[in-house]
Amino acid sequence: MARTRISISLEQEQAERIRRHADRAGMDVSAYLVHAATRQMAETEAIEEQFAGVDAVIAAAEAEAARAGELPEEPLADLTEEERQEVERALDLVYGADRPAARPGEAA
């Protein structure tokens, strides 16, 4: 297989550190860097694969939110008192019960 040369620039201290680690691993610097990069790429691809479903759900939610447009001036205005309390309980679960109040007509 044909080889391709890639040139990188780094600080002298980084270069020396890489050389020391390559020596400890019994590898030349090129092999060491290829190994490190290959390992990092495999890890990144595994993470992306693991979270692909979550990423798709987030993308769909963001697209739906973009289609929905702006929120009304007073988003809680059309809710019953019971619905408002339910929203408050949900917000308390997410943000904590000691979160600052941000209700219509109240200072945040």
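Good morning. Read along its sequence, the protein chain follows the pattern α-α-α-α. In other words, there are four helices and zero strands in the chain. Please bear in mind that this is a predicted model.

I shall turn to the chain as a whole. Of its 108 residues, 5% are buried. The chain exposes about 10,000 Å², and carbon and sulfur atoms supply 54% of that area.

Next, the individual helices, beginning with H1, which covers residues 12–24. This helix has 13 residues and reaches 18 Å from its first C-alpha to its last, close to the 18 Å expected at 1.5 Å a residue. Just after H1, Gly26 takes a positive phi of about 75°.

Helix H4, residues 81–95, may be examined in the same way. With 15 residues at 1.5 Å a residue, H4 should span 21 Å, and its end C-alpha atoms are indeed 21 Å apart, so the two values agree. Just after H4 comes Gly96, with a positive phi of about 100°.

Finally, I come to the packing of helices. Two packed helices are described by the angle between their axes and the distance between those axes. How do H1 and H2 pack? Helix H2 covers residues 29–50, and H1 packs with H2 at an angle of about 90°, with the axes 9 Å apart. Because angles of 65 to 115 degrees count as roughly perpendicular, H1 is roughly perpendicular to H2.

Which residues meet in this contact? From H1 come Ile18, Arg19, His21 and Ala22, and they meet Val29, Tyr32 and Leu33 in H2. The residues of this contact divide into five nonpolar, one polar and one charged. Thank you for your attention.

Notes. Residues numbered from 1 in each chain as written. Predicted model: local features only at pLDDT ≥ 70, side-chain atom pairs only at ≥ 80, totals over all residues. Heavy atoms only, no water. Axes fitted to C-alpha atoms, helices over the stretch in contact; angles between N-to-C directions. Helix = DSSP H or I, 4+ residues; strand = E, 2+ residues; numbered from the N terminus. Parallel < 35°, antiparallel > 145°, perpendicular 65-115°, else oblique. Contact = heavy atoms within 4.5 Å. Nonpolar A, V, L, I, M, F, W, Y, C, P; charged D, E, K, R; others polar. Expected span 1.5 Å × (residues − 1). Buried < 20%, exposed > 50% of the residue type's maximum accessible area, 1.4 Å probe, protein only. Areas by Shrake-Rupley, 256 points an atom, 1.4 Å probe, with all protein chains shown as cover.
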